[in-house]
Amino acid sequence: MGIPGASLARSVLGVPAAAAEKASRTAGAFAALAAGGRVRRVWSHAGRAHIQANGLSGEGPRHRRYVRALTEALRQLDGVNWAEVNAVTGHVLVAYKEGGVSLDDLVEVVEDVEEARRVGRFDEDAHVRWPDDEMAWAAATSALAADVAGAVGAAAARLLALPPVPSPMRAAVAVADSMPQVRTAVERRLGRLRADALLGVANAVVQSAGHGVAPPVTDAVHRVFQLHEIGARRAAWRRREPLLAAAGRQPQECGARTERPCPLPDGPVEKAANRTALGHLLGGAAVLAGTRDASAAADLLLATVAKAARHGREAFAAVLAHDLAGHGTVVLDPAALRRLDRVSAVVIDSSVLCDGDLRLLSAVATGEDLDDAGVWRAAGAVLADLDPDDLAGPGPWSGGAEAEWRLVRAADAPSGAPADPRGVTLDLMDEHGGLFGRVRVGCSLDPL
């Protein structure tokens, strides 16, 4: 499927190509969000295009033939400089001459090859997330517009003394939006972005009809944080894309992604919501049974719905993503930042804590000719002319051609590297192979 309306806007309205294509992509994102259908992800800037392609999650001869057919068909177009597949993201990258070939033509070629090769549909779970997501922008913008309209409508309804909608209707939407079990079921049915936009719009509508000003205003602040994050993410991608999309550096195959050995554990927000969900329902049922008043039970649910925890986490993740993008980090999966509160242990490669300078950790003499201090001085003289990369092999290492002492990796010691917390164990020998001591060598810690 090409980008609808782009060619018409260029030819009839005289709109510049880049602006017309961007407007068409945005309109297509809103249309796909409303319809719930799939839209082919296409991104272009400064003569480079990233086009989502089906069937790139694989490896082997058949996969390589498909990749070759796809790239060769694109390269045959006049105006295309090069084309490569990035199987990890599920896109084909094309460098082309702007004005010489249109984005619609490139998308059409991709579709023709897909149809000829009879490849399957795009597998969202087989590839990493796309950093410049028009759908996420469309979802947040739709919900924000509904929130603003809802707050204005609620204020106007109060001034005009219009009758509010029954509270059970508002409670039903609030429960669907905030309870993890209900929200997960809606997301599974509609997709995460569409469910978030739909629940946001529905919440704004019913709160407005119920004369509630504070709920849509609170949700509007939440949407502003989302757009704050998405805008920074897109800007970071645009800055880094020329380097990341360089020719000759794209992975051509994508193996199957491994499954988690156990389900993802709940975070503190999910645990709190699960603990209170049953209490909310039991409390509402008790009020309904005691008063026979559905509105009273609904008011209890509205008063005890836990939205602050989820919005707090969302705000933290949005600001973190914005700041990461400001430092040049391209976040491929923003949902990963929402899972940081589940982290119970952090594993750090010890090499990142070191500054690259070798340091003696211990020295033990094995004979009577040198004491421990002598072994330390002799090994230190050899290490003065080495760096950590030099200690990758078995040795020997010396301080120079005329040096008296040699260092050799100890054969009976555990394997290691200077950046390893245990260091690397070396034997101190003279030029004739005599053993005089054993030392452990590591890297000094970075002062920061």
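These exercises walk through the predicted model shown above. Residues count from 1 along each chain as its sequence is written, and side-chain values use heavy atoms, without hydrogens or water. In this predicted model local features need pLDDT of at least 70, side-chain atom pairs count only at pLDDT 80 or more, and totals for chains, interfaces and linings use all residues.

**Exercise 1. Take stock of the chain.**

State how many helices and strands there are in the chain, and what share of the residues is buried.

Solution.
- Start with the elements. Helices (H or I, at least four residues) and strands (E, at least two) are DSSP runs, numbered from the N terminus. The chain has 13 helices and nine strands.
- Next, burial. Buried means under 20% relative accessible area, with a 1.4 Å probe and protein chains only. Of the 448 residues, 41% are buried.
- Then contacts (heavy atoms within 4.5 Å). Take those between residues at least 6 apart in sequence: 68% join residues at least 24 apart.

**Exercise 2. Lay out the five-stranded sheet.**

Give the strand order, and find which strands stand at the edges.

Solution.
- The order is β5-β9-β8-β7-β6, in an open sheet with antiparallel pairing.
- The edges are β5 (354-365) and β6 (397-398); each has a single partner strand, so one side of each lacks a neighbour in the sheet.
- Strands of a sheet pair through backbone hydrogen bonds, either parallel or antiparallel.
- Count bridges; two strands pair if DSSP finds at least two between them. β5 and β9 have eight. β8 and β9 have six. β6 and β7 (residues 405-409) have two.
- Now place some residues. Leu360 has Val441 in β9 as its bridge partner. Leu426 stands opposite Val439 in β9. Trp397 is bridged to Leu407 in β7.

**Exercise 3. Inspect the hairpin and the helix across the sheet.**

Find the residue with positive phi in the β8 and β9 hairpin, and the strands that α13 lies across.

Solution.
- Four residues sit between β8 and β9 in the hairpin, where Gly433 takes a positive phi near 90 degrees.
- Helix α13 (residues 372-383) lies across β5, β6, β7, β8 (424-430) and β9 (435-445).
- α13 runs at about 150 degrees to β5. Such angles run from 0 to 180 degrees between N-to-C directions, with axes fitted to C-alpha atoms, for helices over the stretch in contact.

**Exercise 4. Check the span of α5.**

Compare the expected span of α5 with the distance between its end C-alpha atoms.

Solution.
- α5 covers residues 134-160, which is 27 residues.
- The expected span is 1.5 Å times one less than the number of residues. For α5 that gives 39 Å.
- The end C-alpha atoms are 38 Å apart, which agrees.
- Ala161 follows α5, with a positive phi near 55 degrees.

Notes. Buried < 20%, exposed > 50% of the residue type's maximum accessible area, 1.4 Å probe, protein only.
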